[in-house]
Structure formats: C-alpha cells, structure tokens
Amino acid sequence: MEALQYPIGKFQAPVQITQEHLTAWIETLDQLPARLRALTKDLSDQQLDTPYRPEGWTVRQVVHHLADSHHNSYIRFKWALTEDNPIIKAYDEKAWTMLPDLEGAPIEWSLRHLEVIHHKLVQLLKVMTEEQYNRTFTHPDGNKVVTLKENLGHYAWHSSHHYAHIENLMKRSNW
C-alpha cells in the first residue's frame with residue numbers, strides 16, 4: 001500500500017539546495033501541464049473515475065487536486081515575496097476534491113488552470129533572486145517555517161508524485 005500511496009517516496013528537501021536543484025525543479029513544474037495532458041488525453045470517463053489505489057482518489061480527483069494545490073502554492077509564493085514570513089492558510093484537500101464544482105467535472109478545466117498557473121509561476125521562479133528564494137512562510141500545521149526554495153522542491157515532488165499515481169494505475173490496468 002505504501003508503494004501505491006508514495007510511488008516516488010516522500011519528499012525530503014536536500015540539506016543544501018543548490019541552483020541545480022532549483023533549475024531541475026522549475027523544469028519539472030514547467031513540463032507538468034503538457035505531460036499530464038498527454039498522459040490523460042485518451043482516458044474515458046470510467047477510467048477517470050477509477051481510484052489510483054484502494055481508498056484513494058480517482059484520476060479525475062487527482063487532476064483537479066493538482067490544479068487546486070498548485071494554485072495555493074502560487075499564492076504562497078506571492079505572500080512570502082510580499083509579506084514578512086506570513087502564516088499561510090491550510091485547507092482540507094480531501095474535502096476540496098469532493099466539492100460539487102469538481103465532482104464529475106471535465107479534467108480539461110483543471111488542465112487549463114494548471115497550464116496558466118504553472119506558466120505564471122515558472123516565469124516568476126526564473127527571475128527570483130537567492131534572497132527571494134530564502135524568504136519564508138509559516139505553515140500552520142506544526143508552525144513549520146518553509147523557505148520558498150523548499151516550497152519549490154516540494155511542489156516539483158508533488159507534481160511527480162501525482163503524475164506517478166496516474167501513470168502507475170494506467171500501467172497496472174493496461175490502459
């Protein structure tokens with residue numbers, strides 16, 4: 001079950017985050033929308049409504065979650081760049097995936113949202129200075145202080161993590 005839930009392992013930020021890390025993570029974010037669109041383009045509604053693991057989200061919910069989550073991440077970057085260590089707003093991810101605006105909704109809406117939000121985020125990330133990457137926000141779960149470079153790494157991992165959920169389901173199901 002752990003392998004199904006964390007197909008690429010859990011995120012662990014490197015002890016020292018280098019420019020090479022930042023560049024690779026930005027590239028991951030830049031490529032996600034096109035990769036996700038290509039991966040899901042031929043899936044039927046029945047396949048989209050298949051959970052990637054027992055008691056897990058459906059493919060449709062994963063795609064919508066990525067759009068919601070990465071939108072929140074973009075806002076967190078903006079807060080941390082314009083405020084001194086803001087306390088960000090956490091949200092109930094599972095509850096968000098079950099709201100009526102997404103239930104049965106075409107994934108196209110979230111794929112488009114990801115394209116736009118990732119374009120804006122990547123453009124921002126490419127011009128940020130080291131000082132800006134070291135700015136922080138506080139996550140209310142445990143009052144954890146997070147640097148923007150850690151947040152970038154986390155969302156690059158998050159992209160690959162959920163992509164792997166869908167890709168692995170497709171392989172196991174011979175789709």
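**Exercise 1. Contacts along the chain**

Of the contacts in the chain with a separation of 6 or more, what percentage comes from residues 24 or more positions apart?

Solution. The structure is a predicted model. In this model, 76% of the contacts with a separation of 6 or more are between residues 24 or more positions apart.

**Exercise 2. Overall layout**

Describe the elements of the chain and its overall dimensions.

Solution.
1. The chain has 8 helices and 2 strands.
2. Along the sequence, these elements follow the order α-α-α-α-α-α-α-β-β-α.
3. The radius of gyration is 16 Å, close to the 16 Å that the globule rule gives for 175 residues, so the chain is as compact as a globular protein of that length.
4. Along the principal axes, the C-alpha atoms fill a box of roughly 45 × 30 × 30 Å.
5. Of the 175 residues, 43% are buried.

**Exercise 3. Helices H2 and H6**

Work out how helix H2 is placed against helix H6, and list the residues of the contact.

Solution.
1. Two packed helices are described by the angle between their axes and the distance between the axes.
2. Helix H2 covers residues 19-40 and helix H6 covers residues 107-127; their axes come within 8 Å and cross at roughly 165 degrees.
3. Because angles over 145 degrees count as roughly antiparallel, H2 is roughly antiparallel to H6.
4. The crossing of H2 and H6 is left-handed.
5. On the H2 side, the contact is made by Ile-26, Leu-29, Asp-30, Leu-32, Pro-33, Leu-36, Arg-37 and Thr-40. The residues on the H6 side include Ile-107, Leu-111, Leu-114, His-118, Leu-121 and Leu-125.
6. Sorted by class, the contact of H2 with H6 has 11 nonpolar, 2 polar and 6 charged residues.

**Exercise 4. Helices H4 and H6**

Repeat the analysis for helix H4 and helix H6.

Solution.
1. The axes of H4 and H6 are 9 Å apart, and the two helices pack at an angle of about 25 degrees.
2. Angles under 35 degrees count as roughly parallel, and H4 and H6 are therefore roughly parallel to each other.
3. H4 passes H6 in a left-handed crossing.
4. Among the H4 residues that meet H6 are Arg-60, Val-63, His-64, Tyr-74, Phe-77 and Leu-81. Their partners in H6 include Ser-110, His-113, Ile-117, Lys-120 and Leu-124.
5. The contact of H4 with H6 contains 13 nonpolar, 6 polar and 2 charged residues.

**Exercise 5. Two asparagines with positive phi**

Locate Asn-85 and Asn-174, give the phi of each, and decide how exposed each one is.

Solution.
1. Most residues other than glycine have a negative phi.
2. Asn-85 has a positive phi, near 45 degrees. The position of Asn-85 is in the loop between helix H4 (59-82) and helix H5 (93-97).
3. The relative accessibility of Asn-85 is 27%, so Asn-85 counts as partly exposed.
4. Asn-174 also has a positive phi, near 55 degrees. This residue is in the segment after helix H8 (148-172).
5. The relative accessibility of Asn-174 is 70%, so Asn-174 counts as exposed.

**Exercise 6. A histidine in helix H8**

Is His-161 buried or exposed, and which residues is His-161 in contact with, leaving aside its neighbours within four places in sequence?

Solution.
1. His-161 is part of helix H8.
2. Its relative accessibility is 6%; buried means under 20%, so His-161 counts as buried.
3. With neighbours within four places in sequence left aside, the contacts of His-161 are Gln-5, Tyr-6, Pro-7 and Ile-8.

Notes. Residues numbered from 1 in each chain as written. Predicted model: local features only at pLDDT ≥ 70, side-chain atom pairs only at ≥ 80, totals over all residues. Heavy atoms only, no water. Axes fitted to C-alpha atoms, helices over the stretch in contact; angles between N-to-C directions. Helix = DSSP H or I, 4+ residues; strand = E, 2+ residues; numbered from the N terminus. Parallel < 35°, antiparallel > 145°, perpendicular 65-115°, else oblique. Left-handed = near helix turned anticlockwise from the far one by under 90°. Contact = heavy atoms within 4.5 Å. Nonpolar A, V, L, I, M, F, W, Y, C, P; charged D, E, K, R; others polar. Rg over C-alpha atoms; globule rule 2.2 N^0.38 Å. Buried < 20%, exposed > 50% of the residue type's maximum accessible area, 1.4 Å probe, protein only.
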